[in-house]
Amino acid sequence: MTRVGIVLFFLGALCSSLKGDLTEQNRPNVLFIVVDDLNDWVGCLDGHPNAKTPHIDRLASEGVLFSNAHCQSPICNPSRTSFLFGTRPSSNGFYGNSPTPAESPSFREEFVSLPRHFRRNGYKTFTTGKLYHASQLPEDDFEVVGPRPGQWIELDKEVQVDRPDHMHWLWDFGPQSYDETKFSDYVDASWIIEQLEEDHDRPFFMSIGFYRPHVPFFSPERIYNQPEFSGELQLPPVKADDRDDISAYAQKLIYSPHPASHGWMEAKNNLKWQEALRAYLACVHWTDEQLGRVLNALQNSAHADNTLIVFFADHGFHLGEKRHWAKWTLWERSTRVPLIIRDPKGLCGVVSDRPVELLGIYPTLVEMCGLEENPKLEGQSLVPLLEDPEADWPHPAITTLYEGNHSVRTARWRYIHYANGDEELYDHWVDPHEWTNLASHPDYEGQLESLSALLPKTNRPQVAK
Ligand SMILES: [Ca+2]
Ligand SMILES: [Ca+2]
């Protein structure tokens, strides 16, 4: 257990309380907060020494922090489709960023989204920011739709300046002098705050999707110039020959946006690598500030004592680990995400290190809010871990990258099985950076066999538009 984890554990012992009986009259509200491309560079997960996230850390101290949580796809659209519809990519056929569920009416006839399920069960549903990929909302999910100023392609374009030493309008990073109250995440947080300050005649499901720290890593100058982010920053550990023990198929599958290659980042004594780290950390802090505004508004509202908070990221992000940038891999940096669930009547300040999936959020909320069950859900409810973070948990966390490529994460192992049969195996007890692929070592044949039995049994073809 980390230093922070120990502190949170003892806080939990002090402030847990018994849950009351749930009736239709006192069903809890839900505040559903998704962050785009946030890895473990947050204080309570000890991911980087310069991470500055007081509000995420505060939320962890008030709820249950899952320190081994994983997305079901390391790509925006399939990850979001998975947690919003409660099904795996291998079961729903969403593997890439197109089409979105909004563009697939037949899919929405087959599966009911989480917000739609809440709406059908009498909740008033709100959304702002990036919940679905490209901010494309299916019909019938939301009763009240707030501003979505960052319609993906327009993402904070106004704050961007043309800099010839950066390679691409999206793959850009640095401080921006633009009025910070005009940034998308500020605008969206302000709208949610207004809704939280209102009285509501029914329980609500309110979602906000923050865009940062997704590229471009733009944050206000005030944030970027804070002392925590200046000077030489600690680089993630990278092994020069790390990728020599993975297959040609895996090398080809892993996409890296040109020209954000690791070599480009390393040039001139890591010049761009340092700049990118600084800008990413600043964006994480900027998002944390917006989260803090929302949490304070909830705390000062009439809803504070009856609102569940779910906070998480859609997938992780590489900043050079395994000589890779961004996501699109089946490795730890792409799959692992922060996940915090705060129940004002539940445990607080505790950490669960069980391998859990974002797929579990939907059935968890159905159970916590007493909604009718949705028989299509594939995930495991996290309620047993919210009641006892060290409860027995035999379930692995599975991530899928395009059709037929899967990773299985257990408490100890990461096993990867590619569609052509190639494999990787990493032992997290001794190799947290996943540097040594054990798959071809004869001592691990038994592990390969038992882990491969956990792979999804179906691989649904890519859904048509
Ligand atoms: Ca994302
Ligand atoms: Ca390696």
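Start by selecting A69 on strand 2 and V356 on strand 13: these two residues are bridge partners. You're looking at a predicted model, and this pair is a good way into it.

**Strand 2 and its partners**

Now widen the selection to strand 13 as a whole, residues 356-357. Strand 2 runs parallel to strand 13, and two bridges hold the pairing. Next, pick up strand 12, residues 350-352. Here the pairing with strand 2 is again in the parallel sense, over three bridges. To find a spot to zoom in on, click L65, whose bridge partner in strand 12 is V351.

Then add strand 11, residues 336-342, where the direction is antiparallel to strand 2 and the bridges number five. F66 is the residue to click this time, with L339 as its bridge partner in strand 11.

While strand 2 (residues 64-70) is still highlighted, is it enclosed or open? Six of its seven residues are buried, so strand 2 is largely enclosed by the rest of the structure.

**Zoom out for a moment**

Show the whole chain as a cartoon. You should have 14 helices and 17 strands on screen. Of the 465 residues, 51% are buried. If you like contact maps, take the contacts with a separation of 6 or more: 73% of them link residues 24 or more positions apart.

**Helix 2 against helix 10**

Select residues 54-61 for helix 2 and residues 262-299 for helix 10. Their axes come within 7 Å and cross at roughly 50°. That crossing angle makes helix 2 oblique to helix 10. Which residues make the contact? Put sticks on P54, H55, I56 and L59 from helix 2, then on D288, L291, G292 and L295 from helix 10. Colour this contact between helix 2 and helix 10 by residue type and you'll get five nonpolar, two polar and one charged.

**The 14-15-16-17 sheet**

Head along the chain to an open sheet of four strands, ordered 14-15-16-17 with antiparallel pairing. Strand 14 (397-400) and strand 17 (423-427) are the edges, each pairing on one side only. Look along the sheet for its twist, which averages 15° from one strand to the next.

Begin at the strand 14 edge. Four bridges connect strand 14 to strand 15 (residues 406-409), in the antiparallel sense. Click T399 and then its bridge partner in strand 15, S407.

Now jump to the other edge, where strand 16 and strand 17 are antiparallel over five bridges. Y415 is the one to label here, standing opposite L425 in strand 17. Follow the backbone through the hairpin of strand 16 and strand 17: there are five residues between the strands, and G421 has a positive phi near 100°.

Before leaving the sheet, switch on helix 14, residues 445-452. Helix 14 lies across strand 15, strand 16 (413-417) and strand 17, and its direction is at about 70° to strand 16.

**Last stop: confidence**

Colour by pLDDT. The average for the protein is 91, and 89% of the residues score at least 70. Then select residues 1-19, where the pLDDT is below 50. Beyond near neighbours in sequence, that stretch still has 31 contacts in the model. Keep a general caution in mind: where pLDDT is low, predicted coordinates shouldn't be read in detail.

Methods. Residues numbered from 1 in each chain as written. Chains lettered and ligands numbered in written order. Predicted model: local features only at pLDDT ≥ 70, side-chain atom pairs only at ≥ 80, totals over all residues. Buried ≥ 20, exposed ≤ 12 C-beta atoms within 10 Å, placed from the backbone. Contact = placed C-beta atoms within 7 Å. Axes fitted to C-alpha atoms, helices over the stretch in contact; angles between N-to-C directions. Parallel < 35°, antiparallel > 145°, perpendicular 65-115°, else oblique. Nonpolar A, V, L, I, M, F, W, Y, C, P; charged D, E, K, R; others polar. Pairing = 2+ DSSP bridges. pLDDT = per-residue confidence, 0-100.
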